[in-house]
Amino acid sequence: MSTGKNQYVVRNGDKWGVRGEGNQRLTREFDTQKEAINYGRGIAQRQESELRIQGRDARFREAYSYGNDPYPPKG
């Protein structure tokens, strides 16, 4: 279970942004996706949450978990 908001790297026109889950406004905007990923990763690591990355086609292509990931599940 994560302790902070999941972070999303999203396309914003011809730029890229980082947005916390449930937020309408971007936390910050960047010229490149790489810059946005690096920034979002830092937030996700500090908040022990997930980073989800949107591709150019608007589909989410990757997700990284920095929280208490229950995998592998007990059993």
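Helices and strands here are DSSP runs, numbered from the N terminus. Going by that, this protein reads β-β-β-α-β-β along its sequence, so you're looking at 1 helix and 5 strands. Keep in mind that this is a predicted model. Of the 75 residues, 29% count as buried.

**Overall numbers**

- The protein exposes about 5,300 Å², and carbon and sulfur atoms supply 44% of that area.
- Take the contacts with a separation of 6 or more: 32% of them come from residues 24 or more positions apart.

**The strands**

- Strand β1 covers residues 7-12, and it runs antiparallel to β2, with 6 bridges joining the two.
- One of the pairings to look up is R11, whose bridge partner in β2 is W16.
- The hairpin of β1 and β2 has 2 residues between the strands, and G13 takes a positive phi there, near 70°.
- β1 also pairs with β4, this time in the parallel sense, over 3 bridges.
- On that side, Y8 has R52 as its bridge partner in β4.

**Q7, in strand β1**

- Q7 is found in β1, and its relative accessible area is just 3%; the cut-off for buried is under 20%, so Q7 counts as buried.
- Leaving out residues up to four places away in sequence, Q7 touches V18, R19, G20, T27, G40, I43, A44, Q47, E50, L51 and R52.
- Three of the residues Q7 touches, G40, I43 and A44, are also listed among the buried residues of α1.

**The helix**

- α1 has 15 residues, which at 1.5 Å a residue should span 21 Å; the end C-alpha atoms are 21 Å apart, so the two values agree.
- Buried residues in α1 are Q33, A36, I37, G40, G42, I43 and A44.
- What do those buried residues pack against? They pack against β1, β2, β3, β4 (50-54) and β5 (60-65).
- Right after α1 comes E48, which has a positive phi near 50°.

**Salt bridges**

- Side chains of opposite charge can pair when their charged atoms come close.
- How many salt bridges does a search of the whole structure find? The search turns up 3.
- D31 pairs with K15, with the closest N and O atoms 2.6 Å apart. This pair links distant parts of the chain, 16 residues apart: D31 sits in the loop between β3 (28-30) and α1 (33-47), while K15 is in strand β2 (residues 15-20).
- Is D31 buried or exposed? Its relative accessible area is 54%, and exposed means over 50%, so D31 is exposed. K15, at 28% relative accessibility, is partly exposed.
- E50 and R52 meet through their side chains in another salt bridge, at 2.7 Å from N to O. E50 is partly exposed at 23% relative accessible area, and R52 is partly exposed at 25%.
- Both E50 and R52 turn up in the contact list of Q7, and R52 is also the β4 bridge partner of Y8.
- R61 forms a salt bridge with E62, and the closest N and O atoms there are 2.3 Å apart. R61 counts as partly exposed at 43% relative accessibility, and E62 is partly exposed too, with a relative accessible area of 26%.

Key: Residues numbered from 1 in each chain as written. Predicted model: local features only at pLDDT ≥ 70, side-chain atom pairs only at ≥ 80, totals over all residues. Heavy atoms only, no water. Helix = DSSP H or I, 4+ residues; strand = E, 2+ residues; numbered from the N terminus. Buried < 20%, exposed > 50% of the residue type's maximum accessible area, 1.4 Å probe, protein only. Contact = heavy atoms within 4.5 Å. Salt bridge = Lys/Arg side-chain N within 4 Å of Asp/Glu carboxyl O. Expected span 1.5 Å × (residues − 1). Pairing = 2+ DSSP bridges. Areas by Shrake-Rupley, 256 points an atom, 1.4 Å probe, with all protein chains shown as cover.
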